[in-house]
Amino acid sequence: MRNNSSHAMFPSATHDEQALQNYIKSLRVHSTRGFHTGNKSLLKSKIEPELRRKSGNRMPSRKDVREALSKEEHNKWWSAMVRTTQEMLYDSVGPSIERQLPALVTKAKKLRGKRGTLTLDDRIATPPYLAAVDMHCKPGSYQQQLSDDDVFPGAEFDRTFRLYSMGGLGPNLDDGGRTLINWVKAKFPNLKPKRILDLGCTVGHSTLPYCDAFGKNVEVHAIDTAAPCLRYGHARAVAMGKEVHFRQADAEDLPFADGHFDLIVSHALMHETSTKAIRGIYKEAYRLLAPGGVMAHIDGITPHNLYEKYYSEWMSHYNNEPYLGTVQDEDFDGILAQAGFAKAKSFVDQTEPNLKPRAQDDKPVVTYIVVAGQK
Ligand SMILES: C[S@@+](CC[C@H](N)C(=O)[O-])C[C@H]1O[C@@H](n2cnc3c(N)ncnc32)[C@H](O)[C@@H]1O
């Protein structure tokens, strides 16, 4: 696994905490890679042929596959292991962050004001679809604050996401950003953005590559509704020598003037917003784009692959990711059109990760969907 590059904000781990976290990562590799293959062969050799026979050879729906697989013994074991590992992930990291939280809060405060900006606004409400669950079993989700100036959810995300992604997102967990940058450059070679906005940035993992991707003098902005993630993200960016303007704001209603940005992006935001919010977010992005500007959203879903579709469906039911099922059925062409993008300038694409596999436990497990439009 590629090690996380160290930065001054990254939470430390004692020998025993690290050993436990390594164990969880290995268990996750085993349950989501090795154990997955049993599910895949059940789907291919038994479930899919049976469902197709019953339905006149139609592509099975995600619900039918979930219901049929859930009756299989292997699937029950696999399902219990993946869910338990997810809970253990947070159980193994949370106490370690709590132990060092006062020091992390102090560090973040000291880094404030050194580079970029952090603008918080306590009038911004957590969207109801985020407040309703502990997203992917993360206790308190992205937004829960236990103290003044809290950075817990951000610090916890930085460490757990590293274990969760099993090395597949690179040392700085930024391969979503790098992959989308590659896609945008290939599709719009003449785009020279001067102002870039990242929506739903969490701690800015995918945001930072934009600081260098399009040359000098580019302003990079990043918004999220979760204040403690933004506090941590801003301090992390400063610690990594990057200038980003972080702001607490709702992607459906942003405090920027019409036409302010040349490039608006998001990474893994679509599957964590409601079907209603996706529509609002695309409309707001259209308002904020300058003529010729580009909006591009990337997400780790592969709706054309029946197994990947099942796995996302499983996560929406058993991993507290309520929209990971429905997002796969979205009519993205329709949503782009409703937001104002012309058909000829709307794109729904599937793309490979930027990062190429190096070792068995390093292998990226997803391809990405990209939904984009040019104004
Ligand atoms: C999966 S995380 C995104 C990860 C991040 N973009 C990255 O690449 O590391 C989803 C984020 O979207 C944020 N979010 C969801 N709905 C939002 C909204 N309407 N406005 C702003 N942020 C939102 C959540 O708070 C969360 O931090």
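Two strands pair if DSSP finds at least two bridges between them. Strands (E, at least two residues) and helices (H or I, at least four) are DSSP runs, numbered from the N terminus.

Before you start: this is a predicted model, in which local features need pLDDT of at least 70, side-chain atom pairs count only at pLDDT 80 or more, and totals for chains, interfaces and linings use all residues. Residues are numbered from 1 along each chain as its sequence is written.

**Exercise 1. Work out the strand order of the sheet and find its edges.**

Step 1. Begin with β1 and β4, which run parallel and are joined by 3 bridges. Here T119 has R247 of β4 as its bridge partner.

Step 2. Move on to β3 and β4, a parallel pair with 4 bridges. D224 is matched with Q248 in β4.

Step 3. Add β2 (residues 195-199) and β5 (residues 261-267), which pair in the parallel sense over 4 bridges. I196 has L263 of β5 as its bridge partner.

Step 4. Put the order together: β1-β4-β3-β2-β5-β6-β8-β7, an open sheet of 8 strands with mixed pairing. β1 (117-119) and β7 (346-351) each have a single partner strand, so one side of each is left without a neighbour in the sheet. On average, neighbouring strands are turned by 15 degrees against each other, direction ignored.

**Exercise 2. Find which strands α7 and α9 touch, and describe how α9 packs against α6.**

Step 1. Helix α7 (residues 175-187) packs on the sheet and touches β5, β6 (289-299), β7 and β8 (368-374). Contact between two residues means that their C-beta atoms, placed from the backbone, lie within 7 Å. The direction of α7 makes about 135 degrees with that of β6; angles run from 0 to 180 degrees between N-to-C directions, and axes are lines fitted to C-alpha atoms, for helices over the stretch in contact.

Step 2. α9 also packs on the sheet, touching β1, β3 (219-224) and β4 (245-248), and its direction makes about 170 degrees with that of β4.

Step 3. Now take α6 (residues 152-165) with α9 (residues 227-239): their axes are 6 Å apart and the packing angle is about 60 degrees. Among the residues that meet are F152 and P153 in α6, and Y232 and R236 in α9. This contact divides into 7 nonpolar, 2 polar and 3 charged residues. Ala, Val, Leu, Ile, Met, Phe, Trp, Tyr, Cys and Pro count as nonpolar, Asp, Glu, Lys and Arg as charged, and the others, Gly among them, as polar.

**Exercise 3. Decide whether P209 and N172 are buried, partly exposed or exposed.**

Step 1. Recall the cut-offs: a residue is buried if 20 or more other C-beta atoms lie within 10 Å of its own, exposed if 12 or fewer, and partly exposed in between.

Step 2. P209 is in the loop between β2 and α8 (210-213). It has 21 other C-beta atoms within 10 Å, so P209 is buried. Its contacts beyond four places in sequence are D174, G177, R178 and I181.

Step 3. N172 is in the loop between α6 and α7. With 19 other C-beta atoms within 10 Å, N172 is partly exposed.

**Exercise 4. Describe the surroundings of the ligand.**

Step 1. 23 residues surround the ligand, the closest being G200, T202, S206, A251 and H267; a residue is near if its C-beta atom, placed from the backbone, lies within 6 Å.

Step 2. Sort this shell by type: 11 nonpolar, 8 polar and 4 charged.
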